[in-house]
Amino acid sequence: MTNQSMHEALGGEAFFRALVHEFYERVWADDVLRPMYPAHDRAGAEDRLRMFLEQYWGGPTTYGEQRGHPRLRMRHAAYEIDPDARDRWIACMRGALDALEPAPLLRAEIEDYFERAATSMLNRNPLI
Ligand code: HEM
């Protein structure tokens, strides 16, 4: 895959639009996650996540131009992200990947990233 970006290999903007849409379909059906998200701005939330992911995987840098530095842990501090919320988030993303079926090696890479990124967002531990 020489110089091709993951963004390009996965299918460019169309892939990320579809992925984020499938993801939010599942988030909106999840009793724990849905209340955290802006009820009247699902389109905006889809855009923000899509632009971030496109930028992260080597696509356009629109996210940075519009939102600045991601600072994702800081931006997530307001939400109670315990292991259950993390697992639900990952399950929604896995469901979205199941729906789109990217090639196995690409899927392994993006899924591994989502697992690590979601774990890094943990900010509550029910055991403490
Ligand atoms: C925003 C929840 C993990 C990337 C948000 C928002 C919520 C949320 C409620 C606000 C929606 C909006 O108005 O944009 C969660 C929960 C997670 C999680 C419960 C569970 C671990 C992640 C991960 C990533 C991510 C793993 C990246 C791979 C983003 C981005 C935004 C966002 C880019 C928009 C930030 C901005 O305002 O520019 N998240 N998130 N989130 N999340 Fe997460």
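Let me start with Arg71, which counts as partly exposed, at 47% relative accessibility, and which sits in the loop between helix H4 (62-67) and helix H5 (72-75). What you have in front of you is a predicted model, so please keep that in mind as I go through a few of its residues and two of its helix pairs.

The backbone of Arg71 deserves a moment, since its phi is near 40 degrees, a positive value in a residue other than glycine. Most residues other than glycine have a negative phi. Where else can we look for such a value? Glu101 is one place, with a phi near 50 degrees, again positive in a residue that is not glycine. Glu101 also belongs to a loop, the one between H6 and helix H7 (104-120), and at 66% relative accessibility it counts as exposed, because the cut-off for that word is over 50%.

Let me turn now to the helices, and begin with helix H2 (residues 12-27) and helix H3 (residues 42-56), which pack at an angle of about 135 degrees while their axes lie 9 Å apart. How should we describe that arrangement in words? Angles from 115 up to 145 degrees fall outside the perpendicular and antiparallel ranges, and H2 and H3 are therefore oblique to each other. Their crossing is right-handed.

Which residues bring H2 and H3 together? On the H2 side they are Glu13, Phe16, Arg17, Val20, His21, Phe23, Tyr24 and Glu25, and these meet Arg42, Ala45, Glu46, Asp47, Leu49, Arg50, Leu53 and Glu54 of H3. Sorted by class, this contact contains seven nonpolar, one polar and eight charged residues.

I would like to pick out Glu46, which lies in helix H3. Is Glu46 buried or exposed? With 14% relative accessibility, Glu46 counts as buried, since the word applies under 20%. If we leave aside its neighbours within four places in sequence, Glu46 is in contact with Val20, His21 and Tyr24. With one of these, His21, there is a polar contact of 3.4 Å between the two side chains.

The second pair is H2 with H6, and here the helices pack at an angle of about 130 degrees, with 8 Å between their axes. That angle makes H2 oblique to H6, and the crossing of these two helices is right-handed. From H2, the residues Phe15, Ala18, Leu19, Glu22, Phe23, Arg26 and Val27 meet Trp89, Cys92, Met93, Gly95, Ala96, Leu97, Ala99 and Leu100 in H6. What classes do the residues of this contact fall into? They divide into twelve nonpolar, one polar and two charged.

Staying with helix H6 (residues 83-100), we find Arg86 within it, and at 17% relative accessibility Arg86 counts as buried. Not counting residues up to four places away in sequence, Arg86 touches Ile81, Ala118, Thr119 and Leu122.

Finally, let me go back towards the start of the chain, to Gly11, which lies in the loop between helix H1 (6-10) and H2. Gly11 is partly exposed, its relative accessible area being 43%. How far apart are Gly11 and His69? In sequence they are separated by 58 residues, and in space by 25 Å, taken from C-alpha to C-alpha.

Definitions and conventions: Residues numbered from 1 in each chain as written. Predicted model: local features only at pLDDT ≥ 70, side-chain atom pairs only at ≥ 80, totals over all residues. Heavy atoms only, no water. Axes fitted to C-alpha atoms, helices over the stretch in contact; angles between N-to-C directions. Helix = DSSP H or I, 4+ residues; strand = E, 2+ residues; numbered from the N terminus. Parallel < 35°, antiparallel > 145°, perpendicular 65-115°, else oblique. Left-handed = near helix turned anticlockwise from the far one by under 90°. Contact = heavy atoms within 4.5 Å. Nonpolar A, V, L, I, M, F, W, Y, C, P; charged D, E, K, R; others polar. Buried < 20%, exposed > 50% of the residue type's maximum accessible area, 1.4 Å probe, protein only. Polar contact = N/O pair within 3.5 Å; in protein donor to acceptor, adjacent residues only side chain to side chain.
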